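Me: Please take a close look at the salt bridges in this structure, and set them against the fold and the nonpolar packing around them. A single connected account would suit me.

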Amino acid sequence: MAEFGFNEHHQNETINYMRFARSKRVLRLKTIDTCFEELKDSRLVEETFTVDEVRDMLDGLQAVVRGEVETELINTAHTNVLLLRQLFSQAEKFYLRLQADISELENRELLEQVAEFEKTDFKSTNKVNQEISKPKLAPLNEGGVSELLNKEISRLQEENEKLKGRLRTLESQAMSAMDEKSQAERALKDLQKIQGEQQEISSLEGTVSALQEDYQRSLHASAASQKDLQQNLVSAKHDLLRVQDQLALAEKELEKKFQQTAAYRNMKEILTKKNEQIKDIRKRLQRYESDE
């Protein structure tokens, strides 16, 4: 059956199916013959029959034969569907997509070749491997299909490795982002703490300014009032010195924590400005002390 492009394995499978189909066909023909024999034995017992009797016998025989033929045709169609289901299922395991050309099923030339094959090659292969095994779709090594499948598998494996590498990169970037976020959160907390201290300094500056104004107004007041103002000024100066010490300590801690962060330079500029403000306050205090 070389004209069909079958290899030895496919030819054997074809012979098995044709053997199965022929056995079913022979069995159904025997059933039809039995219908005729039963009619002969049960109805043809008289020498003469009327037209109505003959018509009745033929109608009954027609119904029986029609039922048998219809049953066989339906069973054959369903059997072919099951065969196609097996082939499609096996093809999917090798990522193959089979497609049937229905028009070829009525190709008289091919049908005659199948009939000729059944008469000749089918008989010659009766002695070859009578053992029937579960049909399996063997791997296709012809036509480059196996090579294409291997290339596709290799391509998918390479793509999978690339995706794994990209996933590892994204995980590393995510971990780095989480570390930077933690550092930023700590920097924000420290910044809020410094801002609180800066507000305290501003409040002290306002207090010092108010005391200075009161001091100017009370220059000509009594000595007792001047002494109280001087004590308040000294106390404010002590508070300012204490805050300066705390600010210096905070600057050292902040410098250690944030010297590796992006906010370090901005924080340094803020501290520098505040130091300048403190120096200005000192000068003003010294000036007022000299005036006193």
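Reply: Helices here are DSSP runs of H or I with at least four residues, numbered from the N terminus, and strands are runs of E with at least two. Read in that way, the chain follows the pattern α-α-α-α-α-α-α, with seven helices and zero strands. The model is a predicted one. Of its 292 residues, 17% are buried. The chain exposes about 22,600 Å², and carbon and sulfur atoms supply 53% of that area.

Now the salt bridges. Side chains of opposite charge can pair when their charged atoms come close. A search of the whole structure finds six such bridges.

One of them lies in helix H1, which covers residues 8-43. There Lys40 pairs with Glu37, with 4.0 Å between the closest N and O atoms. Lys40 and Glu37 are three residues apart in H1, so about one helical turn separates them. An α-helix has 3.6 residues a turn, so residues three or four places apart point the same way. Neither partner is buried: Lys40 is partly exposed at 43% relative accessibility, and Glu37 is partly exposed at 41%.

Helix H2 (residues 51-93) holds a pair with the spacing of three residues, about one turn, between Asp52 and Arg55. The closest N and O atoms of Asp52 and Arg55 are 3.2 Å apart. Asp52 is exposed, with a relative accessible area of 56%, whereas Arg55 is partly exposed at 45%.

In helix H7 (residues 264-291) the spacing is four residues, again about one turn, between Arg284 and Asp280. Their side chains meet in a salt bridge with an N to O distance of 3.8 Å. Arg284 has a relative accessible area of 27% and is partly exposed; Asp280 is partly exposed at 38%.

Beyond these pairs, Arg28, Glu68 and Glu72 are linked in a network of salt bridges.

Helix H2 also contains Leu83, which is partly exposed with a relative accessible area of 30%. The C-alpha atom of Leu83 is 9.3 Å from that of Tyr17, although the two residues are 66 apart along the chain. For the chain as a whole, among contacts between residues at least 6 apart in sequence, 76% join residues at least 24 apart.

Next along the chain, helix H3 (residues 108-119) has 12 residues and reaches 17 Å from first C-alpha to last, close to the 16 Å expected at 1.5 Å a residue. Asn107 caps the N-terminal end of H3, placing a side-chain oxygen 3.0 Å from the backbone nitrogen of Glu109.

The nonpolar packing comes last. In soluble globular proteins, nonpolar side chains tend to be buried together. Here the largest nonpolar core has nine residues: Ile194, Ile201, Leu204, Val243, Leu247, Ala250, Met267, Leu271 and Ile278. Helix H5 (145-217), helix H6 (223-258) and H7 each supply at least two residues of this core. A second, separate core of seven residues includes Leu233, Ala236, Ile281 and Leu285. Within the largest core, Val243 is a member, and leaving aside residues up to four places away in sequence, Val243 touches Glu200, Ile201 and Leu204.

How values were computed. Residues are numbered from 1 along each chain as its sequence is written. This is a predicted model: local features need pLDDT of at least 70, side-chain atom pairs count only at pLDDT 80 or more; totals for chains, interfaces and linings use all residues. Side-chain values use heavy atoms; hydrogens and water are left out. Buried means under 20% relative accessible area, exposed over 50%, partly exposed in between (1.4 Å probe, protein chains only). The expected span of a helix is 1.5 Å times one less than its number of residues. A polar contact is a pair of N or O atoms within 3.5 Å; within protein, one must be able to donate a hydrogen and the other to accept it, and residues adjacent in sequence count only if both atoms are side-chain atoms. A nonpolar core is a set of buried Ala, Val, Leu, Ile, Met, Phe, Trp, Tyr and Cys residues joined through side-chain atoms within 4.5 Å. Contact means heavy atoms within 4.5 Å. Accessible areas come from the Shrake-Rupley method with a 1.4 Å probe; for residues, only the protein chains shown count as cover.
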